[in-house]
Amino acid sequence: MIELLQMLQGILERGLIFSFMAASMYIATRVIHFDNLSVEGAFGLGGAVTAYLLVAGYNPWVAFVCAGLIGVVSGIVTGLLHTKLKINALISGIVVTTGLFSIALKIASSNMTLGNKPTILSYLSSWSIVYTPFVILALIVTSIFVSIHWFLKTEVGYLLQAVGDTPQMLTNIGKNVDVYVMMGLAISNMLAAISGSLFVQYSGYFSIWASVGILIIGLAGMILAQTISSQFGLALVAGSIIYQAIIALTFELQFDQNWNKLITAVLIVVLIVINQSLQKK
């Protein structure tokens, strides 16, 4: 029974952390309709910055905020490559992710352990609160998701959504489409970097290889969420948790873990087909 509760706790905590990756993919692909591959680099960079600052003795909340800000910068750079240099969206993302890989490697090397450094997930441990990491992660996810949901309902948020649906409308009312594209990418990469920061603080170490293939986790979470609701919000958290549950199930069934990526790929294809079938009805 205890093992089952621990497994469920782990699924929920990892689901909350990677819900930011699902949200990152949602902002890029559903709001501004941009195939943003740079989120993978932003995740690694956010983790590297966090590990470096924590080991250096900085406050974990400062590390968390810095990770988010550096994610914003990486999103703006991706936007500049696409809008100013007219580089294809996919290539812009690949170029930025490739560059960020080296920057993350320079900041935190290939591996960096946090040791006994305090993290934002250990702050309430002295209060003897049960399931401390889950409580803190839930509060962080709730506050940031509510903020973004509110933002998308503002005038600027509606204009941001118009970038993906009717960009010509923005031009007609005198708005600069490029600015809103960069704004969407900045938010997308900020969320990815936040996910990387939380993952490092949760696992207690940074590994440069942890970010490789992380995009597919966000994509799977987002597609699972789309089967529940097409709106930004709780569905993204649920989708991410369901994906983590599926991966945990493969462990329980003692699947060869080398097949995890293939299982995820097949899952994504199946979900896309289901989504397309539902939309036709």
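Helix α10 makes the biggest contribution to the wall of the largest pocket, handing over five residues. The model here is a predicted one, and the pocket in question comes out at a volume of about 480 Å³. In total, 18 residues line this pocket, and those closest to its centre are F18, I217, I247, N260 and K261. As for where the lining comes from, the elements giving two or more residues are α1 (2-31), α9 (214-226), α10 (234-252) and α11 (260-280). In chemical terms, the lining of this pocket splits into 11 nonpolar residues, five polar ones and two charged ones.

Next come the enclosed spaces. Rolling a probe the size of a water molecule over the atoms shows where empty space is left. With the bar set at 30 Å³ or more, the structure holds one cavity, and the largest cavity contains about 50 Å³ of space. Its lining is made up of F43, G44, G47, G196, F199, V200, Y205, F206, S207, A210 and S211. Helices α2 (39-55) and α8 (177-203), together with strand β2 (205-207), each put at least two residues into that lining. Sorted by type, the cavity lining has six nonpolar residues and five polar ones, with no charged residue in the set.

Zooming out to the whole chain, the secondary structure adds up to 11 helices and two strands. Going along the sequence, these elements run in the order α-α-α-α-β-α-α-α-α-β-α-α-α. The C-alpha trace spans about 60 × 50 × 35 Å along its principal axes. The radius of gyration is 19 Å, which agrees with the value near 19 Å that a compact globule of 281 residues would have. Buried residues account for 49% of the 281 in the chain. On the outside, the chain exposes about 13,600 Å², with carbon and sulfur atoms supplying 68% of that area. Long-range pairing shows up in the contacts too: taking those between residues at least 6 apart in sequence, 77% join residues at least 24 apart.

Two individual positions round things off. L105 sits in helix α4, which covers residues 89-108. With a relative accessible area of 34%, L105 falls between the 20% and 50% cut-offs, so this leucine counts as partly exposed. Once neighbours within four places in sequence are set aside, L105 is in contact with S110 and I208. Measuring C-alpha to C-alpha, L105 and F251 lie 30 Å apart in space, with a separation of 146 residues in sequence.

The other position is S147, which belongs to helix α5 (residues 132-152). S147 is also put in the partly exposed class, because its relative accessibility is 43%. From S147 to A23 the C-alpha to C-alpha distance is 13 Å, and the two residues are 124 apart in sequence.

How values were computed: Residues numbered from 1 in each chain as written. Predicted model: local features only at pLDDT ≥ 70, side-chain atom pairs only at ≥ 80, totals over all residues. Heavy atoms only, no water. 1 Å grid on protein atoms, 1.4 Å probe; cavity = no way out; pocket = protein on both sides within 12 Å on 5 of 7 lines; lining within 4 Å. Points joined across faces, edges and corners; volume = space filled by probe spheres on them. Helix = DSSP H or I, 4+ residues; strand = E, 2+ residues; numbered from the N terminus. Nonpolar A, V, L, I, M, F, W, Y, C, P; charged D, E, K, R; others polar. Buried < 20%, exposed > 50% of the residue type's maximum accessible area, 1.4 Å probe, protein only. Contact = heavy atoms within 4.5 Å. Rg over C-alpha atoms; globule rule 2.2 N^0.38 Å. Areas by Shrake-Rupley, 256 points an atom, 1.4 Å probe, with all protein chains shown as cover.
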